[in-house]
Amino acid sequence: MAALDPVVAATDAAVEPTTYRTATVDDLPACGAIWRHALNDYMGRLNLPEVPNDLAAILRLHRHLLTTDPAGFLVAEQPAARGATDVRIVAFGSAVRRDPVWFLSMLFVMPSAQRAGIGRELLRRLLPPPGSLTLATCTDTAQPISNGLYAAHGIVPRMPLLRLVGLPDRPAELPRLPDGVRPIRFAEVSRDGDRIGGAALDDELAELDRDAAGFEHPADHAMIAAEGRTGFLYLGPDGRPIGYGYASEAGRVGPIAVRDAAMLAPVIAHLITTIRPRGAFGLWLPGATEETFGPLIRAGFRMEGFPCLLCWDRPFADFARYVPISPGLL
């Protein structure tokens with residue numbers, strides 16, 4: 001909260017001149033503060049707890065988005081005070097391209113600057129030429145205005161994305177990996193007789209991603225590895241990869257991609273019973289992964305918060321076989 005300038009009335013923001021530009025690394029703390037302030041503004045009206053003032057994780061994500069897609073990270077600025085020459089950031093938006101998919105990762109406007117068309121203008125500037133790419137985003141169910149704005153561009157809510165939190169206190173409720181399926185850590189791939197090293201692993205991950213998610217994202221895999229998530233490659237009875245998954249001691253699970261939807265629940269079960277988190281696990285499950293919910297709930301997980309909404313203008317992924325990184329990054 002301290003990083004934000006004093007809030008001004010929305011009617012004042014509506015008449016202030018607004019300029020738009022690409023973001024820089026120096027802008028990210030202000031973007032993180034806007035993200036938190038905007039979330040807490042509407043979550044408070046729903047009597048939900050505030051997002052704590054710990055922006056380390058969101059700033060890592062913002063830095064990654066800016067690194068992979070610098071032209072797709074925009075900020076909106078207004079004068080810091082009426083008639084002032086210095087400016088402050090009042091909104092930001094970030095969109096990434098992953099092969100044929102354009103994904104709107106973030107679009108947040110300070111409450112004091114809302115209802116002035118700033119979010120709409122940021123979206124207009126971020127959108128690719130019509131028909132050139134598949135358009136997608138993930139939104140909150142409690143944001144009908146944003147959902148309507150995106151739907152006007154064909155980015156319509158199609159599927160819930162639900163957050164599950166907990167520990168596998170009753171592991172007997174979880175399915176086991178089928179006989180003949182062998183998990184190996186990414187760090188051990190180069191020592192496995194069936195593989196030929198890091199380049200081959202990258203190729204296998206890309207193929208699994210194309211098959212389940214509809215796009216490759218090697219830069220995102222690199223970010224996930226750098227933040228400490230442990231990756232596993234799952235080999236079928238014939239020694240060929242049939243899936244991958246990540247989990248970390250920080251409790252983060254995903255992304256996960258499998259060739260057969262029936263493998264998703266056993267892979268999740270393996271991840272959460274192999275990696276020991278410092279606290280609880282948290283993962284985001286698409287509604288299409290229906291066979292995974294029952295075992296996880298019975299094992300000790302619970303649903304937390306309102307669902308998010310996966311939105312797109314045309315299909316691109318098989319979400320029965322793919323678990324995204326987070327609502328902000330597929």
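The following paragraphs describe the nonpolar cores, a surface patch and the salt bridges of a predicted model. Residues are numbered from 1 along each chain as its sequence is written, and side-chain values use heavy atoms, with hydrogens and water left out. Local features require pLDDT of at least 70 and side-chain atom pairs count only at pLDDT 80 or more, whereas totals for chains, interfaces and linings use all residues.

The largest nonpolar core (buried Ala, Val, Leu, Ile, Met, Phe, Trp, Tyr and Cys residues joined through side-chain atoms within 4.5 Å) has 55 residues. Burial denotes under 20% relative accessible area, exposure over 50%, and partial exposure the range in between (1.4 Å probe, protein chains only). W35, F92, L233 and Y244 have the most contacts inside this core. Its main contributor is helix α2 (residues 28–45), which gives 8 residues; helices (H or I, at least four residues) and strands (E, at least two) are DSSP runs numbered from the N terminus. A second, separate core comprises 28 residues, including Y234, M263, I275 and A299.

On the surface, L46, L48 and F306 form a nonpolar patch with about 240 Å² of accessible area together. Patches consist of residues with over 30% relative accessible area and no salt bridge, with like charges joined within 9 Å and nonpolar side chains (Val, Leu, Ile, Met, Phe, Trp, Tyr) within 5 Å; areas come from the Shrake-Rupley method with a 1.4 Å probe, and for residues only the protein chains shown count as cover. L48 is placed in the loop between α2 and α3 (56–68) and is partly exposed, at 30% relative accessibility.

The structure holds 17 salt bridges, each defined by a side-chain nitrogen of Lys or Arg within 4 Å of a carboxyl oxygen of Asp or Glu. In the pair R21 and D27, the closest N and O atoms are 2.8 Å apart; R21 is partly exposed at 30% relative accessible area, whereas D27 is buried at 8%.

R163 pairs with E304, their closest N and O atoms being 3.8 Å apart. Because R163 lies in strand β6 (residues 156–166) and E304 in the loop between β12 (301–303) and β13 (308–312), this salt bridge ties together parts that are 141 residues apart in sequence. A further salt bridge joins R259 and E207 (3.1 Å, N to O). R259 is located in the loop between β10 (253–258) and α8 (264–274) and E207 in helix α6 (residues 198–212), so parts 52 residues apart in sequence are tied together. R259 is partly exposed at 31%, as is E207 at 33% relative accessibility. Both residues belong to a network of salt bridges that links E207, D211, R259, D318 and R321.
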